[in-house]
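Q: Could you take a close look at one part of this model for me? I would like a connected walk through the surroundings of a single side chain, with a little context from elsewhere in the chain.

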Amino acid sequence: MALNSVKETLANAASDAFEATAPDPIAPPVEVLISGAGPTGLALGIDLARRGVTALIVERQPTLSRGARGTGIQPRTQEVYDDLGVLHAARAAGGIYPPVALWEDGRIAHSHQMIERVAPTPSTPHSEALMLPQWRNVELLHDRLGELGGSVQLAAELTDFTQDPDGVTAHLTGPDTVRRTVRARYLVACDGGGSTIRKQLAVPMSGPELAPGHAVLADVRLDGLDRDHWHRWTLPTGGFLTLLPLAGTDDFQMLAAAASDKPDTSPEAVRGLIAEHTHLTRDHVREVLWTSLYRPKAGMADAYRHGRVFLAGDAAHIHSPAGGQGLNTSVQDGYNLGWKLGQVLRHGAPDTLLDTYEAERRPIAARILETSTRLHRSGSLRRGRDLHQLDVGYRESPLSRELRTALPDGALTAGDRAPDAPCTTADGTPTHLFDVFRGPHFTVLALDAPDLDLAPLTRAAGSTPVRTVRTAGPAPDLLDPDGHLHAAYGTTPTVFLIRPDGYVAVAAPPETAQAAITEALETHFGTARVAV
């Protein structure tokens with residue numbers, strides 16, 4: 001189906017599913033209903049839209065989320081955004097984190113680099129956290145969703161739902177208080193830490209206890225500070241106040257931790273905090289754009305799947321903001337679930353594929369929860385490459401099959417993130433492996449396996465898109481003149497099956513690869529055809 005036809009079909013389905021003229025009408029069904037239009041729900045919506053899956057995203061707020069909130073886009077999430085078609089706009093709108101300036105007695109006493117600066121490498125082209133206010137992040141994701149024919153229904157609150165073996169029936173309430181009924185094959189809760197859906201399912205959250213406290217967050221416009229530093233003041237209460245110049249804007253994000261016993265998020269109170277604890281006066285604060293109160297919480301849902309209902313993002317796990325992990329983990333939840341829903345709904349994959357969403361993502365959330373809790377309790381604000389999430393992988397997943405033996409230490413293994421590598425096409429045109437991977441297809445990378453017969457994959461029945469790439473033989477697709485591809489993937493002839501989300505599903509010697517990859521495609525993912 002042509003892209004314009006897919007876009008028109010998706011847009012019409014989403015619109016028809018919500019518009020109505022009579023109380024509590026039953027709207028035309030959609031395949032996936034997503035509750036919540038934050039980064040998680042929008043990333044999932046983008047992935048489904050590019051797969052031609054009809055999805056309805058509903059958001060109870062009358063506008064997209066405001067507030068800078070979580071500002072750090074980690075390198076692994078940048079790779080996700082690259083695949084989803086968002087990274088170029090995100091990099092244009094964002095920037096790097098400046099060094100921290102510590103203020104004492106009305107002057108900068110010293111400064112340091114809180115966010116570790118890391119140079120890119122051939123295998124990791126995105127190596128530093130990107131600063132992007134969350135409100136802008138959401139706008140860019142929403143714009144990309146619109147380019148693909150998707151949309152968000154604002155001021156539409158999912159109030160309750162029921163499920164049966166064939167799908168989910170949900171009731172939505174719009175600004176006119178008219179209830180609308182939507183039928184969907186699957187429902188995904190991306191509705192935040194206070195998730196209505198999780199509460200209706202009665203799913204408990206478990207996790208570490210965090211010491212009680214609070215912090216006031218605000219987006220402000222002010223005079224009197226340079227934009228070359230992340231400004232910080234230590235407070236007599238033992239807390240701190242920071243003002244971060246937000247890249248691509250005229251705004252600063254204020255964070256005041258433990259500044260008073262009685263937190264107040266009113267604009268005047270925010271002006272008062274800045275005037276009391278910095279050298280600035282109330283008059284320096286030209287405008288208070290947004291405020292919020294943060295209280296420490298941590299935990300994750302005991303289960304992510306409940307029949308035809310899935311929990312994702314903050315609905316599934318809540319983290320301390322220490323380390324900048326929450327938003328990134330949430331976006332990657334949607335990215336993991338999106339391709340699996342697409343395979344089940346479009347390419348005949350078994351429903352059991354969806355069970356691997358919890359099997360893969362819940363252990364990651366547990367690891368991230370431990371990391372963010374440790375950083376929170378330590379009070380450390382330093383952030384290094386251990387937080388980039390480039391080492392997130394699924395070696396223990398039922399979808400990962402490593403069939404090689406005697407691998408050297410540090411070798412790329414089934415379940416690992418598939419790294420990038422600069423290389424060239426057969427005619428010498430520069431390209432990257434990420435260019436080959438980009439899109440909603442699987443990739444078979446035949447590394448130094450010129451005699452491997454890939455014809456069985458092209459003959460296999462079904463519709464799962466698979467792109468095959470050879471690096472050797474009489475007609476190679478890629479050449480490795482500088483050795484980057486072999487440095488990343490090894491020097492032993494190997495055939496890799498790369499998942500649509502950029503992880504190695506199968507790694508096998510050429511003599512067993514044909515059977516192993518065909519079995520994986522037909523058993524877990526549907527059946528294969530070569531992508532055009």
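A: Happy to! A polar contact here is a pair of N or O atoms within 3.5 Å, where, within protein, one must be able to donate a hydrogen and the other to accept it. Please keep in mind that this is a predicted model.

With that cut-off in hand, let's turn to glutamate 59, which sits in the loop between strand 2 (55-58) and strand 3 (72-73). A polar atom of the glutamate 59 side chain lies 2.9 Å from the backbone nitrogen of alanine 37. Glutamate 59 is buried, yet it has no salt bridge. Its nearest side chain of opposite charge belongs to arginine 60, 5.2 Å away; a salt bridge is counted within 4 Å, so this pair does not qualify. Leaving aside residues up to four places away in sequence, glutamate 59 touches Gly36, Ala37 and Gly38, along with Val152, Gln153, Leu154, Ala155 and Ala156.

For context further along the chain, helix 3 (residues 75-84) is mostly covered, with 10 of its 10 residues buried. Among them are the charged residues Arg76, Glu79, Asp82 and Asp83. Just after helix 3, glycine 85 takes a positive phi of about 85°.

Elsewhere, an open sheet of three strands runs in the order 23-22-26, with antiparallel pairing. Strand 23 (430-432) and strand 26 (478-479) are its edge strands, each pairing on one side only. Strand 22 (residues 422-425) pairs with strand 26 over two bridges, and threonine 424 stands opposite leucine 479 of strand 26.

Notes. Residues numbered from 1 in each chain as written. Predicted model: local features only at pLDDT ≥ 70, side-chain atom pairs only at ≥ 80, totals over all residues. Heavy atoms only, no water. Buried < 20%, exposed > 50% of the residue type's maximum accessible area, 1.4 Å probe, protein only. Helix = DSSP H or I, 4+ residues; strand = E, 2+ residues; numbered from the N terminus. Contact = heavy atoms within 4.5 Å. Pairing = 2+ DSSP bridges.
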